[in-house]
Protein chains: 2
Amino acid sequence: MRKIRKFSAPEPSMRRLPAYLHVLTRLLRENRLYVSCTFISNELYLDPTQVRKDLALTGIVGKPRVGYSVEELIDKIKAFLGWDVQRNAFLVGVGNLGTALLGYQRFRLYGLNIVTAFDKDPRRIGKTIFGVDVLHVDKMTNLALRNKIDIGIITVGEDAAQEVADLMVQGFIKGIWNFAPKTLIVPDDVIVENAQLSVSLGVLTSKMKLSQTEKNMV
Amino acid sequence: MRKIRKFSAPEPSMRRLPAYLHVLTRLLRENRLYVSCTFISNELYLDPTQVRKDLALTGIVGKPRVGYSVEELIDKIKAFLGWDVQRNAFLVGVGNLGTALLGYQRFRLYGLNIVTAFDKDPRRIGKTIFGVDVLHVDKMTNLALRNKIDIGIITVGEDAAQEVADLMVQGFIKGIWNFAPKTLIVPDDVIVENAQLSVSLGVLTSKMKLSQTEKNMV
DNA sequence: TAGATTGTTAATCGATTAACAATC
DNA sequence: TAGATTGTTAATCGATTAACAATC
């Protein structure tokens, strides 16, 4: 196995932080100034020590007996997740899922700015979907080189996914968000995050199957 | 913390299995009869022992020097993930994401059958989207009780998510696939799988931030 | 002050990886 | 048979949880 030096924080922690942000945003709306780990852990059914460690990763310092400043904590978590800067993205594959992502307003909260979409289907090219133009995928690499594009979103089928990833790498895109059910091969300095729906569904249906077995066992 | 007796398999393993299935499906198309752990681990950049342990979870028995039967392995993994049976699902929230899920043909491969969709927006009610009728969400609970519905898919906003989950629980739905950015509170016998896009995006942008820091450090 | 909460160190738990015997 | 591969046990690694001192 290729060993990669690990600078990055524990992934389980990274995955919990967005949920903290949801709670904190609500508290901010309610004008709460401070929050304790215990409060967050109760809201999310997590261990309070785990919450404390996760928060410590962001560099925040709390006040004993008082807790953490809600506002400061929101800022620190956003910075930790890299949501404090705007990132320009290209999306390739304007099918159902791609279209849904183009219309997902919430991405603005995370600094994700999808500037252009691409496809190879002539029926889709030339359209404007949720204010985003759809161009032929052949134009993607050059456009990525000219405008600095941070993130490439892959919402094509599994057959085209590697091809699209290659074009993104050529366009010096350093982060790929891959929704295609395919393991991508990219250089070491390119980060791939997989977001296959099947993975999540598999966890659900696998656990459901097990809970049926449990019932039979009782 | 509430301790839950754990029957279910390690979640990391469950999350890797769909990727194995992709490789195996390709091999099946290529008419390969047998496959070794080493082959799969090379394809997916995983440790071969890890692959072997994951496969062992499915109950498959391999032949030394030969490997595992591709066809049998596919069946075993599908059974393990609970993808060997059809499950009826209701989807609530016919926004962009909900619509995309209704049109996602691949779900059939996983046994997921979305039978009806729901919303509370009168402009959406009465429509048929990708062959699925959209009804008012008030009708959901009763319909779930009358037809046996296994899975509820929540694609509403965070404000309505808990409310929708409550209705699903009342309708005896035992598995909830939650795309809303909200931690749901449900009885112990209901399984919730969260599939927030923000979690995946957060991992990507957090790692990208770190790799920029690395560059500055060099 | 007393006590709630943070921050940190130690212990436990679970997942990954290494080593190796069994097998065909 | 020799050797590739499985299956399993042991070692390591990392994440979670417990314990407790520091703080305001």
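I count a polar contact as a pair of N or O atoms within 3.5 Å. With that settled, I opened this predicted model and took notes as I went.

**Entry 1: DNA strand D**

I began with B:Tyr68, where a polar side-chain atom sits 2.9 Å from a phosphate oxygen of DNA strand D. B:Cys37 also reaches a phosphate oxygen of this strand, here through a backbone N or O atom at 3.1 Å. For B:Arg65 I found a polar backbone atom 3.2 Å from a sugar or linking oxygen of DNA strand D.

Stepping back, I listed 22 residues around DNA strand D, with A:Arg16, B:Arg52, B:Gly62, B:Arg65 and B:Tyr68 the closest. I sorted them by class and got seven nonpolar, six polar and nine charged. Helix H1 (11-29) and helix H3 (48-57) of chain A, and helix H3 (48-57) of chain B, each give at least two residues to this surface. On the DNA side, 57% of the strand D atoms within 4 Å of the protein belong to sugar or phosphate, and the rest belong to bases.

**Entry 2: DNA strand C**

Next I turned to the other strand. Which residues are the closest to DNA strand C? My list reads A:Arg52, A:Gly62, A:Arg65, A:Tyr68 and B:Arg16, out of 22 that surround the strand.

I looked up three polar contacts here. A polar side-chain atom of B:Arg16 is 2.9 Å from a phosphate oxygen of DNA strand C. A polar backbone atom of A:Cys37 lies 3.1 Å from a phosphate oxygen of the strand. A:Arg52 goes to a base instead, with a side-chain N or O atom 3.3 Å from a base oxygen. H3 of chain A, along with helix H1 (11-29) and H3 of chain B, are the elements that give two or more residues to this surface. By class I noted seven nonpolar, six polar and nine charged residues near DNA strand C.

**Entry 3: chain A against chain B**

I then checked how the protein chains meet. I found 66 residues of chain B in contact with 66 residues of chain A. The two chains bury about 6,300 Å² between them, with 68% of it on carbon and sulfur atoms. On the chain B side, B:Tyr45, B:Leu197 and B:Leu201 supply 10% of the buried area, more than any other three residues.

**Entry 4: the second largest pocket**

Last, I looked at the second largest pocket, which holds about 610 Å³ of space. Of its 29 lining residues, B:Gly93, B:Thr155, B:Val156, B:Gly157 and B:Glu158 are the closest to the centre. Helix H5 (96-102) and helix H7 (158-170) of chain B each give two or more lining residues, and H7(B) has the largest share with five. I classed the lining as 13 nonpolar, eight polar and eight charged residues.

Key. Residues are numbered from 1 along each chain as its sequence is written. Chains are lettered from A and ligands numbered from 1 in the order in which they are written. This is a predicted model: local features need pLDDT of at least 70, side-chain atom pairs count only at pLDDT 80 or more; totals for chains, interfaces and linings use all residues. Side-chain values use heavy atoms; hydrogens and water are left out. On a 1 Å grid over the protein atoms alone, a cavity is a set of points where a 1.4 Å probe fits but cannot get out, and a pocket is an open set with protein on both sides within 12 Å along at least five of seven lines; lining residues have an atom within 4 Å of a point. Grid points are joined across faces, edges and corners, and a volume is the space filled by probe spheres set on the points. Helices (H or I, at least four residues) and strands (E, at least two) are DSSP runs, numbered from the N terminus. Ala, Val, Leu, Ile, Met, Phe, Trp, Tyr, Cys and Pro count as nonpolar, Asp, Glu, Lys and Arg as charged, and the others, Gly among them, as polar. A residue is near a molecule or strand if one of its heavy atoms lies within 4 Å of it. A polar contact is a pair of N or O atoms within 3.5 Å; within protein, one must be able to donate a hydrogen and the other to accept it, and residues adjacent in sequence count only if both atoms are side-chain atoms. Contact means heavy atoms within 4.5 Å. Buried area is the accessible area (1.4 Å probe) that two parts lose on being put together, summed over both.
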